[in-house]
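User: I would like to learn how to read pockets, cavities and ligand contacts in a model. Please take me through them one at a time.

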Amino acid sequence: MKIQVINGPNLNLLGKREPETYGKLSFEEFFEKLKVRFPDVELFYYQSNVEGDLINKLHEIGFTFDGVILNAGAYTHTSVAIHDAIAAITTPVIEVHISNVYAREEFRHKSLITSKCLGLITGFGMEGYAMAIQHLLIINQ
Ligand code: DQA
């Protein structure tokens, strides 16, 4: 089973960025632990701060992989183009946010991508990525 994790803008700074909101661990450190927890899953990680690069990655893997775990960062709240890319591909996409976006500023309460995703996990820290893998394992068995 192949799962692509995609992180959007500013998530390259996890561990350094607002640790009170996003935690002290870098995503690279977390991802290594995730691979150990799910040895039977082929896990791939991609991060970009550029909207078009995120769309290109969705196109590249979105017809062959078994699942995508997408944290589109701030593009979640603005990007019609990422909404359309998720609609265009056949691989199911799970939307993940580290923080609880509904407990934060109002501009984070609107997601342009949730309607095209299989589901949404928000507010469980980085554990949300593991929860998404668990769900993809269930639907792919
Ligand atoms: C985020 C929430 C977004 O509102 C924010 O712009 C991010 C991170 C999260 O994981 O909690 O960059 O997606």
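Analyst: What follows covers the pocket, the ligand and the cavity of this predicted model.

User: How should I read empty space, and how much space lies in the largest pocket?

Analyst: Rolling a probe the size of a water molecule over the atoms shows where empty space is left. Here, the largest pocket holds about 160 Å³ of space. Its lining consists of 15 residues, and the closest to the pocket centre are Arg-17, Tyr-22, Gly-73, Ala-74 and Arg-108.

User: How many residues of that lining are nonpolar, polar and charged?

Analyst: The lining of the largest pocket divides into 6 nonpolar, 6 polar and 3 charged residues.

User: What takes up the space of the largest pocket?

Analyst: The ligand does. Around the ligand are Arg-17, Tyr-22, Asn-71, Gly-73, Ala-74, His-77, His-97, Ile-98, Ser-99, Val-101 and Arg-108. By class, this shell has 4 nonpolar, 5 polar and 2 charged residues.

User: Which residues place polar atoms 2.8 Å from an oxygen atom of the ligand?

Analyst: A polar contact is read as a pair of N or O atoms within 3.5 Å. In the side chain of Asn-71, a polar atom lies 2.8 Å from a ligand oxygen atom. For His-97, an N or O atom of the side chain is 2.8 Å from an oxygen atom of the ligand. Ile-98 contributes a polar backbone atom, 2.8 Å from an oxygen atom of the ligand.

User: How much of the ligand does the protein bury?

Analyst: The ligand taken alone exposes 320 Å², and the protein buries 99% of that.

User: Now the closed spaces. How many cavities of 30 Å³ or more does the structure hold?

Analyst: A cavity is a space where the probe fits but cannot get out, whereas a pocket is open. The structure holds 1 cavity of 30 Å³ or more, and the largest cavity has about 30 Å³ of space.

User: Which residues line the largest cavity?

Analyst: The lining is made up of Thr-76, His-77, Glu-95, His-97, Val-101, Tyr-102, Arg-108, Ser-111, Thr-114 and Leu-120. These divide into 3 nonpolar, 5 polar and 2 charged residues. His-77, His-97, Val-101 and Arg-108 belong to this lining and also to the shell around the ligand.

Definitions and conventions: Residues are numbered from 1 along each chain as its sequence is written. This is a predicted model: local features need pLDDT of at least 70, side-chain atom pairs count only at pLDDT 80 or more; totals for chains, interfaces and linings use all residues. Side-chain values use heavy atoms; hydrogens and water are left out. On a 1 Å grid over the protein atoms alone, a cavity is a set of points where a 1.4 Å probe fits but cannot get out, and a pocket is an open set with protein on both sides within 12 Å along at least five of seven lines; lining residues have an atom within 4 Å of a point. Grid points are joined across faces, edges and corners, and a volume is the space filled by probe spheres set on the points. Ala, Val, Leu, Ile, Met, Phe, Trp, Tyr, Cys and Pro count as nonpolar, Asp, Glu, Lys and Arg as charged, and the others, Gly among them, as polar. A residue is near a molecule or strand if one of its heavy atoms lies within 4 Å of it. A polar contact is a pair of N or O atoms within 3.5 Å; within protein, one must be able to donate a hydrogen and the other to accept it, and residues adjacent in sequence count only if both atoms are side-chain atoms. Accessible areas come from the Shrake-Rupley method with a 1.4 Å probe; for residues, only the protein chains shown count as cover. A molecule sits in a cavity or pocket if more than half of its atoms lie within 2 Å of its grid points.
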